[in-house]
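Good morning, and thank you for coming. I should like to take you through one protein chain, beginning with a single residue and ending with the whole fold.

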Amino acid sequence: MSEHHKQLLEQANAAISAGDHEGFLAFCTEDTDWTFVGDRTLKGKAAVRQWMATAYREPPRFNVHHMIAEGDFLAVTGDITLTGEDGQATHHAYCDVWRFRDGKLAQLHAYVVENDPQVAAPPQDH
């Protein structure tokens, strides 16, 4: 199941990177619950859809460093570049912890901090 969860998230991220919000949401449960630690919690697809409309005015750019899966959970580390309302790119390091239910994204705990793009990424396993 671990590899399957990784593949599902890769497909969902590919949709959002292409600007396809509904394509991404098709991978989520109706009652999906997203917590951005220290910021906000979104409950249900409608809340996530509304948040994406403002947060992802332009598709985000992901650079995934690691995916670690166990049971119904998948932890993902990486960095993401977002475009703000002012048109300026902002860079963030993140760790997303997803819980799957019935093959869909049911819950997210996202730890996100703005960072300097010049800061080196963590070492990659070879």
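By contact I mean heavy atoms within 4.5 Å of one another. The model on the screen is a predicted one.

Let us start with Ser2. Leaving aside neighbours within four places in sequence, which residues is Ser2 in contact with? They are Ala69 and Glu70. Ser2 counts as partly exposed, because its relative accessibility is 27% and that class runs from 20% to 50%. Between Ser2 and Cys95 there are 17 Å in space, C-alpha to C-alpha, and the two are 93 residues apart in sequence.

Ser2 belongs to helix α1, and I turn now to that helix. It covers residues 2-17, and at 1.5 Å a residue its 16 residues should span 22 Å; the C-alpha atoms at its ends are indeed 22 Å apart, so expectation and model agree. Which residues of α1 are buried? They are His5, Lys6, Leu8, Leu9, Ala12, Asn13, Ala15 and Ile16. As background, an α-helix has 3.6 residues a turn, so residues three or four places apart point the same way. The cover over the buried residues of α1 includes two helices, α2 (21-25) and α3 (45-55). Also included are the strands β3 (61-70), β4 (73-83), β5 (89-101) and β6 (104-114). After α1 comes Gly19, with a positive phi near 85°.

Next, the largest pocket. Its volume is about 690 Å³. Elements giving two or more residues to its lining are α1, β1 (28-36), α3, β4, β5 and β6. Which of the elements gives the most? It is α3, with 5 residues. In total, 31 residues line the pocket, and those nearest its centre are Phe36, Trp51, Ala55, Tyr56 and Leu82. By character, the lining comprises 19 nonpolar, 7 polar and 5 charged residues.

Finally, the chain as a whole. It has 3 helices and 6 strands, arranged along the sequence as α-α-β-β-α-β-β-β-β. For 126 residues, a compact globule would have a radius of gyration near 14 Å; the chain has 14 Å, and so it agrees with that expectation. Along the principal axes, the C-alpha atoms fill a box of roughly 40 × 40 × 30 Å. Buried residues account for 37% of the 126. Of the contacts between residues at least 6 apart in sequence, 42% join residues at least 24 apart.

Thank you for your attention.

How values were computed. Residues are numbered from 1 along each chain as its sequence is written. This is a predicted model: local features need pLDDT of at least 70, side-chain atom pairs count only at pLDDT 80 or more; totals for chains, interfaces and linings use all residues. Side-chain values use heavy atoms; hydrogens and water are left out. Helices (H or I, at least four residues) and strands (E, at least two) are DSSP runs, numbered from the N terminus. The expected span of a helix is 1.5 Å times one less than its number of residues. Buried means under 20% relative accessible area, exposed over 50%, partly exposed in between (1.4 Å probe, protein chains only). On a 1 Å grid over the protein atoms alone, a cavity is a set of points where a 1.4 Å probe fits but cannot get out, and a pocket is an open set with protein on both sides within 12 Å along at least five of seven lines; lining residues have an atom within 4 Å of a point. Grid points are joined across faces, edges and corners, and a volume is the space filled by probe spheres set on the points. Ala, Val, Leu, Ile, Met, Phe, Trp, Tyr, Cys and Pro count as nonpolar, Asp, Glu, Lys and Arg as charged, and the others, Gly among them, as polar. The radius of gyration is taken over C-alpha atoms; the globule rule is 2.2 Å times the number of residues to the power 0.38.
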